[in-house]
Amino acid sequence: MYRDNYLTALKNEIIEMVSGKLTPAAKLYGYSETPLESAIKWKPQVLVIGNYSSGKSTLINEFLGATIQKTGQAPTDDSFTILTYDDSVPEEAGIRVTDERDGKFLMNDPEYPFESLKRHGQRFAAHFCLKKVNSPFLKHLALIDTPGMIDSITERDRGYNYQEAIGDLARTADLILVLFDPHKAGTGREAHESLRDTLPKETFEDRLLFVLNRIDECASLPDLLRVYGTLCWNLSQMTGRKDIPMIHLTYSQHASNKSQTHYDSEYLHLLENQREELKKAIQDAPRYQLDNIATFVEVNSERLSHLLGSLIIYKKRLRNFKTKFTLLGILLALISGAATSGILFFAGFPVLEIFASAGAAAAVGVFFIWITMAQKSLEARFEKEQLEKLDNLTNLKTQARRDTWNSVKGYVRDYIIRTKGKYALSPLEVHYRAVRSVVEKGSKEIRSALNEYANLKPDDFIQDDMVD
């Protein structure tokens, strides 16, 4: 189909641009340990997070059409689980797990975009896995189930930094479901930290869907409204926003039918459309992917441009500093040599060669001491002063510039400290020009191609399909 071919070709062009112009600079200057294109070449991903009691696994099972994930009122599964499609087994044979892979395999297989998660260590790898499932729901996307967030858990308890792991997965996710339940509507410490700090830093608001799950456990419609109001209040406190985003209402019909508790649930039929809208929003993740990829290119090219530009400024300032003080050292050496020769001359040394040689030796000695001791000390002071005033390396006139700078400032500091400024300016400028070409031209071409795709008429697709 023309439509599919168009999107595939566009995605391949974007990946080629990223791998050729952004990744080399990103890896060389400490922005990323893994190729940037690895985060965008896989299928669309939907990340599911929430409190341990929010019903993440139950809802996922409902979508998949089978009991794939463990469920329960207490924490039952403390793993990050990638759920992806396997068409090797027909769904008519029964939806089930057809294959499983552990974390070590996942983080070392270039087919999957999880190499960057190696930094979380072996304990994280032991709680990371993949399941292939022959569910049609997964044909065009992958779901990521996560450990439930708990109030008192710490990094020491888990053995890895949960917030950093969530942040890495959120960065590449095309959609993020944040689930809450009626009994604990967003009051957990980890939920608070995720919504206040982690997600705003690593992703964009339009990729978040807030979901109040298990609404069938509300005793009545007034009870549901009270829970809804409580969640709105808690979200406003956690996010600092007065305008609360839409909150989807849903529940697992299968789990509700099995429940032994009987509430006045006549109101549930009024909310069936909410369940269908949520399901549709998740299945629309592939439609968002190219737009998210375009944003990925824009954001990372801007950040890399800012990083490289500040390193260029630092290197030029350091070079000017070295030139200035080298010339000062030469001047001091000449003055010392001349002074030594003059003293010997006026002291009555009759042989010209003696006081000339002594003057030359004094000049060389002073210059050597200057280069090996004085100038190194001054360079160390220069580096310290520059690092203390790192913001002076860039233009921060706009909020956009300040936001971008805050995201790369640490990389700039680390690279300067690691190299002590001993990096070549010429290749840095070559990488900078390549990145700037993406910022100024490549990103705009991607958006233009997406607009062209959006403006194509259905007849264009039909006609091309008929030609095929």
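This section describes the overall make-up of a predicted model, two of its helices, its salt bridges and a nonpolar surface patch.

The protein has 468 residues, and buried residues make up 46% of them. Its secondary structure comes to 15 helices and eight strands. Among contacts with a separation of 6 or more, 81% are between residues 24 or more positions apart. The protein exposes about 24300 Å², and carbon and sulfur atoms supply 54% of this area.

Helix α7 covers residues 189-202, which gives 14 residues. At 1.5 Å a residue, this helix should span 20 Å, and the distance of 19 Å between its end C-alpha atoms agrees with that value. The helix is bent, by about 40 degrees, at Leu195. Leu195 is also one of the buried residues of α7, together with Glu190, Ala191, Ser194, Thr198, Leu199 and Glu202. Two other residues of the chain, Arg196 and Asp197, are joined through their side chains by a salt bridge with an N to O distance of 2.8 Å. Arg196 has a relative accessibility of 43% and therefore counts as partly exposed. Asp197, at 35% relative accessibility, is likewise classed as partly exposed.

Helix α8 is formed by residues 221-239. From first to last C-alpha, its 19 residues reach 27 Å, close to the 27 Å expected at 1.5 Å a residue. In α8 the buried residues are Leu224, Val227, Leu231, Cys232, Asn234, Leu235, Ser236 and Met238. These buried residues pack against helix α7 and against three strands, β6 (175-180), β7 (208-212) and β8 (247-249). Gly240, just after α8, takes a positive phi of about 75 degrees.

The structure holds 16 salt bridges. Arg119, Glu164, Asp168, Arg171 and Glu202 are linked in a network of such bridges. Glu202 of this network is listed among the buried residues of α7.

A further salt bridge is formed by the side chains of Arg447 and Glu298, with 2.7 Å from N to O. This pair links distant parts of the chain, since Arg447 lies in helix α14 (residues 425-455) and Glu298 in helix α11, 149 residues apart. Arg447 has a relative accessibility of 23% and counts as partly exposed. For Glu298 the relative accessible area is 23%, and this residue is partly exposed.

The side chains of Lys409 and Asp391 also meet in a salt bridge, at 3.0 Å from N to O. Here too distant parts of the chain are linked: Lys409 belongs to helix α13 (residues 399-419), whereas Asp391 is in the loop between α12 (352-388) and α13, and the two residues are 18 residues apart. Lys409 is partly exposed, with a relative accessible area of 25%. Asp391 counts as partly exposed at 34% relative accessibility.

A nonpolar patch of about 320 Å² is found on the surface, made by Leu328, Leu331, Leu332 and Ile335. Leu332 lies in helix α11, which covers residues 285-346. With a relative accessible area of 33%, Leu332 is partly exposed. Helix α11 also holds Glu298, the partner of Arg447 in the bridge to α14.

Notes: Residues numbered from 1 in each chain as written. Predicted model: local features only at pLDDT ≥ 70, side-chain atom pairs only at ≥ 80, totals over all residues. Heavy atoms only, no water. Helix = DSSP H or I, 4+ residues; strand = E, 2+ residues; numbered from the N terminus. Expected span 1.5 Å × (residues − 1). Bend = angle between axes of the 7 residues up to and from the residue. Buried < 20%, exposed > 50% of the residue type's maximum accessible area, 1.4 Å probe, protein only. Patch = residues over 30% accessible without salt bridge, like charges linked within 9 Å, V, L, I, M, F, W, Y side chains within 5 Å. Areas by Shrake-Rupley, 256 points an atom, 1.4 Å probe, with all protein chains shown as cover. Salt bridge = Lys/Arg side-chain N within 4 Å of Asp/Glu carboxyl O. Contact = heavy atoms within 4.5 Å.
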